[in-house]
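Trainee: Please take one part of this structure and look at it closely. I should like an account that begins with a single strand and then works outward to its surroundings.

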Amino acid sequence: MVDQDRVGTLMAAGERLRRRWLRRLLGTGIGALVLAGVALTAPTVGGQAPPPLPAEKQAILDRYAGLQAQGVARPAPVAGAAANPYGDPPPVPAARPGIVAGVGRLNGETETMGPPGIAGRFTNSWYVVGPPLTAIVWAGADRDDTGQGILVVSVWTDAQATSLASLKVLLAPGRTGQLRIAAASGYGLVLVGRDGSRLGFDLGSMTFQK
Amino acid sequence: MGRWGRALVAAALAVTSMVGGPGNAAAAQAYPGYTLSHYVQNSISASAFYSSGCSQGRISVGNGIVVLDFGQPWVSNGTYGARYWYYGGVAFLSTTAIATYVQGFGQGFYDCSPATSYLRLAVGVNNDSGYVTSGHGSAWSAMVGAINAWLVARGYSGRVTAAGAIDAEPGFAARAPAVRAWMTGFGTSWLAYDFGSADGCSWTSYAPPPGLACNNGWRQDDLYYLAWGAPAGWGLPEVYATGTLTLPNGAPSNWMANQWEMVRLYGARYGSLGAAVIAGQMAQTDSLSPQTSWTYLYNSVNAYSPVQGNVRWSTKIVWGL
């Protein structure tokens with residue numbers, strides 16, 4: 001059960017803290033801006049004032065309001081969109097040497113991390129860094145139907161492969177079970193299913209080949 | 001959540017008022033517009049982060065949140081950090097390196113956005129590793145503090161501030177006690193947004209502590225703690241399922257949104273800090289549109305008493321910067 005007395009005490013304490021803090025800022029002449037900042041983090045509810053936040057949370061929001069106030073008081077000059085101070089991206093790939101353009105590499109089972117947001121069980125993965133294209137292929141199975149082999153493919157035309165990309169989920173024909181990438185040649189992959197069956201996959205056409 | 005789970009609710013379901021009567025509908029809130037959040041992957045650089053922040057600044061929704069998800073919490077040679085998606089594999093980044101990239105994103109946003117805009121930049125990991133610990137949470141919070149100090153020192157903090165974030169999902173490797181420890185270790189200095197799902201939790205009801213069961217031993221109380229019960233915790237749940245359900249007040253929603261609504265109501269009834277305030281919603285690529293996702297969550301949190309009212313933020317997480 002909620003201890004209403006405790007909650008009420010905490011809320012009151014938070015409100016006192018918030019008001020004391022705002023009074024200090026008003027004294028610095030930037031209170032209006034801070035109030036705007038607080039408004040950003042304390043929405044109205046359908047036109048009604050929301051209930052006070054618990055003191056623990058209000059204290060954190062007050063800390064953010066303080067950061068905002070400091071930034072408003074001493075804003076940096078705006079450099080503009082063309083002023084990327086970091087220059088061009090480093091050569092591809094930035095984090096690991098020895099990558100040869102157009103030559104694919106296989107990630108072992110212990111070093112594979114499945115694509116985010118895809119409900120699958122992944123065995124291993126393969127990637128190639130362009131030009132002409134940069135691609136990642138994950139092999140595995142549907143998380144809820146492990147008899148259904150799947151590939152997840154992501155392709156970029158920029159070699160950095162940091163830009164936005166879609167993840168395309170392809171269902172393997174038949175009931176192969178969880179797939180593993182066994183070998184690669186160019187943009188063609190050799191896949192082995194949990195049932196021992198072998199499949200080909202052509203990255204160029206995005207098709208399976210029996 | 002899997003395909004079959006989605007299929008089960010593809011037909012419209014009328015959720016009965018097992019949790020009490022419908023709430024009083026608040027005046028409808030206009031959709032706030034959405035930002036792009038990012039699963040960080042492949043050949044990253046400060047330049048790429050700056051450009052991505054600049055792009056977000058150009059399409060600023062005025063006041064928004066962006067999550068930069070750096071993958072698995074990790075420790076390498078005693079150094080805290082994360083393993084992010086590197087060409088289907090993994091690559092380690094220390095918290096120091098991550099801070100540098102995040103600062104680049106914030107700087108890009110500042111340089112390219114209108115002066116009236118504001119961004120909460122949430123630096124995220126998931127709970128899919130064995131390094132989801134109190135120590136990692138503490139290190140993550142220290143990193144957020146360092147980013148904020150940098151933003152203040154450079155004069156950016158009027159328009160950009162940093163927070164932590166965790167994609168906490170019952171389906172991932174680390175179980176509820178470890179994730180709770182991570183959040184507790186994160187402390188009380190900064191916000192930490194939970195942008196996970198509530199896999200296996202009820203979308204129609206809740207029960208006394210520790211609440212109803214979710215997947216892998218999680219309970220509703222665990223979700224509540226991460227999204228509100230911990231001082232730093234604030235919910236930004238994933239809502240991407242394509243099935244629909246009809247709420248008691250007739251409004252449309254889906255089971256992912258209503259799972260979180262049951263967690264919110266669990267808090268209202270039993271939580272130490274009362275009803276959770278859901279900060280916003282996260283959609284994913286190739287699923288519900290951000291506006292539909294947000295609308296479902298908005299409808300759910302305003303369908304049962306006590307209603308939440310406004311849902312501040314909407315974001316869509318995408319693969320890449």
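Mentor: The account below begins with a strand of chain B, passes to its sheet and to the core, and ends with chain A.

Residues are numbered from 1 along each chain as its sequence is written, while chains are lettered from A and ligands numbered from 1 in the order in which they are written. The model is predicted, and for that reason local features need pLDDT of at least 70 and side-chain atom pairs count only at pLDDT 80 or more, whereas totals for chains, interfaces and linings use all residues.

The starting point is strand β7 of chain B, residues 160-167. Helices (H or I, at least four residues) and strands (E, at least two) are DSSP runs, numbered from the N terminus. A residue is called buried if 20 or more other C-beta atoms lie within 10 Å of its own, exposed if 12 or fewer, and partly exposed in between, with C-beta atoms placed from the backbone. Eight of the eight residues of β7(B) are buried, so the strand is largely enclosed by the rest of the structure. In a regular strand the side chains alternate between the two faces of the sheet. Accordingly, B:Val160, B:Ala162, B:Gly164 and B:Ile166 point one way, B:Thr161, B:Ala163, B:Ala165 and B:Asp167 point the other way, and all are buried.

Strands of a sheet pair through backbone hydrogen bonds, either parallel or antiparallel. Two strands are said to pair if DSSP finds at least two bridges between them. Strand β6 of chain B, residues 118-126, runs parallel to β7(B) and is joined to it by eight bridges. B:Ala122 stands opposite B:Ala163, and B:Gly124 has B:Ala165 as its bridge partner.

These strands belong to an open sheet of eight strands in chain B, with parallel pairing and the order β9-β8-β7-β6-β2-β1-β13-β12. Its edge strands, each pairing on one side only, are β9 (233-235) and β12 (280-284) of chain B. From one strand to the next the twist averages 30 degrees. Helix α8 of chain B, residues 290-301, packs on this sheet, where it touches β12 and β13 of chain B; its direction makes about 140 degrees with that of β12(B). For such angles, axes are lines fitted to C-alpha atoms, for helices over the stretch in contact, and the angles run from 0 to 180 degrees between N-to-C directions.

The segment after β13 (313-319) of chain B holds B:Gly320. This residue is buried, with 24 other C-beta atoms within 10 Å. Two residues are in contact if their C-beta atoms, placed from the backbone, lie within 7 Å. Beyond its neighbours within four places in sequence, B:Gly320 is in contact with A:Thr162, A:Ser163, A:Leu164, A:Ala165, B:His38 and B:Gln41.

The contact between the chains takes 64 residues from chain A and 63 residues from chain B. On the side of chain A that touches chain B, α3 (55-73), β2 (120-128) and β3 (134-142) of chain A each supply at least two residues. The largest share, 10 residues, comes from α3(A). That side of chain A divides into 36 nonpolar, 18 polar and 10 charged residues; Ala, Val, Leu, Ile, Met, Phe, Trp, Tyr, Cys and Pro count as nonpolar, Asp, Glu, Lys and Arg as charged, and the others, Gly among them, as polar.

In soluble globular proteins, nonpolar side chains tend to be buried together. A nonpolar core is a set of buried Ala, Val, Leu, Ile, Met, Phe, Trp, Tyr and Cys residues joined through C-beta atoms within 7 Å. The largest such core has 147 residues, and those touching the most other members are A:Val137, B:Val102, B:Val123, B:Ala192, B:Tyr193 and B:Val263. Helix α7 (residues 255-270) of chain B gives the most to this core, with nine residues. Domain 1 (4-73) and domain 2 (105-209) of chain A both contribute residues, so the core lies between them; the domain bounds come from an automatic or database domain assignment.

In chain A, nine bridges join β3(A) to strand β4 (residues 145-156), and the two run antiparallel. A hairpin connects β3(A) to β4(A) through two residues, and A:Ala135 stands opposite A:Val155 in β4(A).
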